[in-house]
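Student: I'm new to this one, so could you walk me through it with some questions and answers?
Tutor: Sure, let's have a look together.

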Amino acid sequence: MAESQGFVIQNTMDEIIDGLYVGSSMAETDKDKLKSCRITHILTVASHYQPTYPEDFVYKSISIDDLPEENII
């Protein structure tokens, strides 16, 4: 686990339905784990994000801040 600005960031991801995973930004850095789970596309919902492995995966990024006043609609 890494700690950043008072938050604990775990390098985990969970399969929520067959072939669809949800994970932390740290999970996106574990290329071997991504490949072993047969992940091909990564959707990131965060601000100021740069893909870690743009040559290996297809990325889609939605720039949004993790703040209560952020309009997500």
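Tutor: Strand E3 (13-17) and E4 each give at least two residues to a nonpolar patch. Before we go on, this is a predicted model, where local features need pLDDT of at least 70, side-chain atom pairs count only at pLDDT 80 or more, and totals for chains, interfaces and linings use all residues. Residues are numbered from 1 along each chain as its sequence is written, and side-chain values use heavy atoms, with hydrogens and water left out.

Student: Which residues form that nonpolar patch on the surface, and what is their accessible area together?
Tutor: Patches take residues with over 30% relative accessible area and no salt bridge, joining nonpolar side chains (Val, Leu, Ile, Met, Phe, Trp, Tyr) within 5 Å and like charges within 9 Å. Areas come from the Shrake-Rupley method with a 1.4 Å probe, and for residues only the protein chains shown count as cover. Here the members are Ile16, Ile17, Leu20 and Val22, with about 370 Å² together.

Student: In what order do the elements of the protein run?
Tutor: Helices (H or I, at least four residues) and strands (E, at least two) are DSSP runs, numbered from the N terminus. The protein has one helix and six strands. From the N terminus on, the order is β-β-β-β-α-β-β.

Student: What share of the residues counts as buried?
Tutor: Buried means under 20% relative accessible area, exposed over 50%, and partly exposed in between (1.4 Å probe, protein chains only). Of the 73 residues of the protein, the buried share is 18%.

Student: Thr44 and Leu43 both sit in strand E5, but is Thr44 buried or exposed?
Tutor: Leu43 counts as exposed, because its relative accessibility is 57%. Thr44 comes out at 11%, so it counts as buried.

Student: What does Leu43 touch, leaving aside neighbours within four places in sequence?
Tutor: Contact means heavy atoms within 4.5 Å. With those neighbours left aside, Thr44 has Tyr49, Lys60, Ser61 and Ile62. For Leu43, the names are Lys60 and Ile62.

Student: How far apart are the C-alpha atoms of Leu43 and Val22?
Tutor: Val22 lies in strand E4 and is partly exposed, with a relative accessible area of 47%. Val22 and Leu43 are 21 residues apart along the chain, and their C-alpha atoms are separated by 9.4 Å.

Student: Which side chains meet in a salt bridge?
Tutor: Side chains of opposite charge can pair when their charged atoms come close. A salt bridge needs a side-chain nitrogen of Lys or Arg within 4 Å of a carboxyl oxygen of Asp or Glu, and a search of the whole structure finds one. At 3.0 Å, N to O, the pair is Asp56 and Lys31.

Student: Why does that pair tie together separate parts?
Tutor: Asp56 lies in the loop between E5 and strand E6 (58-62) and Lys31 in helix H1, so the parts they tie together are 25 residues apart in sequence.

Student: Which side chain joins Glu28 in a polar contact?
Tutor: Glu28 lies in the loop between strand E4 (20-23) and helix H1 (31-36). Glu28 is buried yet has no salt bridge, with the nearest side chain of opposite charge, Lys31, 10 Å away (Lys and Arg count as positive, Asp and Glu as negative; His and the chain ends are not counted). A polar contact is a pair of N or O atoms within 3.5 Å; within protein, one must be able to donate a hydrogen and the other to accept it, and residues adjacent in sequence count only if both atoms are side-chain atoms. At 2.5 Å, the partner of Glu28 is Thr52.
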